[in-house]
Amino acid sequence: MNESEPRRSAGLQRPEQAAQTSPTALINIVVAQATFIAALMFYLGVIYTSAYYGHFHLSPFALGFGFGEFVLQSLHLATFPVLVGATVLVMIVAAAGHRSRQEFQGVLASSVGRVASAVARHYLVVVAAGLLLLVLWWQWQLFLPYRWAGPLLVGFGLLLGVVRQTSPSRPGSPWETALLVLASGLFLLWAVTLVSGQLGERHARNDAREVILRTGLVVHSAQPLSLSSRSTGLRYRDFGEGVHLRHRYWGLRLVVERAGRYYAVPIGWQAQTDHVYILREGEGVRIELTPGVR
């Protein structure tokens, strides 16, 4: 009895000792995770911003966007469908990876765990479905609005394969697990890249369609600026020789202002045919900002 009690106490202390983490290690973990999240947000912000301003024939790098601005632009991806999809993905993977633990003793939790376990056992079917969608998109341009679904299914299926490989009932080799983790990460990154670009392009098209709601510009100049457009929204008037700023242009809408340069388009702007004007206030040129018209 005397020998068993120390063993029990030692056995009970091991998990607690293993669970203890030094402050330095905890700080390193937090910094590493924060760095990864910031890098991912920067990457998604670049993809979104490039797609958005690319619709207006502009480049965010030429506009001088910085790291913080790209990170903020990535928040456009925090839409309700994306958040719901990410939550469901995490719940299924967590349920599949912890199906044998006591946390899933509830009726709903146990049901989710059984479904997740069944999906994890057939993860190759999920991967095959994603590959089929990729082939349909790549070869026949089908499901273009949902082209992100193919890599998402492949990445999700490989992630379930990782959970299955690391389960106690059927452990896999470290090399297989590492390969599945790498492949899953690449396909999931591909999926969010497609989503970012698609959202940026969609938002740009919506803003171009309702460009009249954006901030208006009225340009007064001493010399003619030779602004021309196929759109009938651009207006021009010459007030005559007696006026210093005799040339007036209006019917313009602001896309973005960077470093004193105003990037503007006319009302009724079409991406395929119309120009984007780059205006700068200076000697002989005055720019006025007006509210958008609803």
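**Briefing: an enclosed strand, a long-numbered helix and salt bridges**

Six of the six residues of strand E1 (residues 216–221) are buried, so this strand is largely enclosed by the rest of the structure. The model described here is a predicted one. The points below take up strand E1 and its partners, then helix H2, and then the salt bridges.

**Strand E1 and its partners**

- Along E1, Gly216, Val218 and His220 point one way while Leu217, Val219 and Ser221 point the other way, and the residues of both groups are all buried.
- E1 is joined to strand E3 by five bridges, and the two strands run antiparallel; within this pairing, glycine 216 stands opposite arginine 253 of E3.
- E1 is also joined to strand E6 (residues 285–290), here by six bridges and again in an antiparallel arrangement, with valine 218 standing opposite glutamate 288 of E6.

**Helix H2**

- Helix H2, which covers residues 23–54 and has 32 residues, reaches 46 Å from its first C-alpha to its last, and this is close to the 46 Å expected at 1.5 Å a residue.
- The buried residues in H2 are Leu44, Gly45, Val46, Tyr48, Thr49, Tyr52 and Tyr53.
- The elements that cover these buried residues of H2 include helix H3 (67–73), helix H8 (174–209) and strand E3 (247–258), and E3 is also the strand that five bridges join to E1.

**Salt bridges**

- The structure holds five salt bridges, and three of them are described in the points that follow.
- Side chains of opposite charge can pair when their charged atoms come close.
- In helix H8, glutamate 201 forms a salt bridge with arginine 205, the closest N and O atoms being 3.0 Å apart; because these residues are four apart in the helix, about one helical turn separates them.
- Glutamate 201 is partly exposed, with a relative accessible area of 31%, and arginine 205 also counts as partly exposed, at 39% relative accessibility.
- Arginine 246 and aspartate 238 meet through their side chains in a salt bridge with an N to O distance of 2.8 Å; arginine 246 is partly exposed at 21% relative accessibility, and aspartate 238 is partly exposed with a relative accessible area of 35%.
- Glutamate 288, the residue of E6 that stands opposite valine 218, meets arginine 286 in a salt bridge between their side chains, at 3.0 Å from N to O.
- Glutamate 288 is partly exposed, with a relative accessible area of 31%, and arginine 286 counts as partly exposed at 35% relative accessibility.

Technical notes. Residues numbered from 1 in each chain as written. Predicted model: local features only at pLDDT ≥ 70, side-chain atom pairs only at ≥ 80, totals over all residues. Heavy atoms only, no water. Expected span 1.5 Å × (residues − 1). Buried < 20%, exposed > 50% of the residue type's maximum accessible area, 1.4 Å probe, protein only. Contact = heavy atoms within 4.5 Å. Pairing = 2+ DSSP bridges. Salt bridge = Lys/Arg side-chain N within 4 Å of Asp/Glu carboxyl O.
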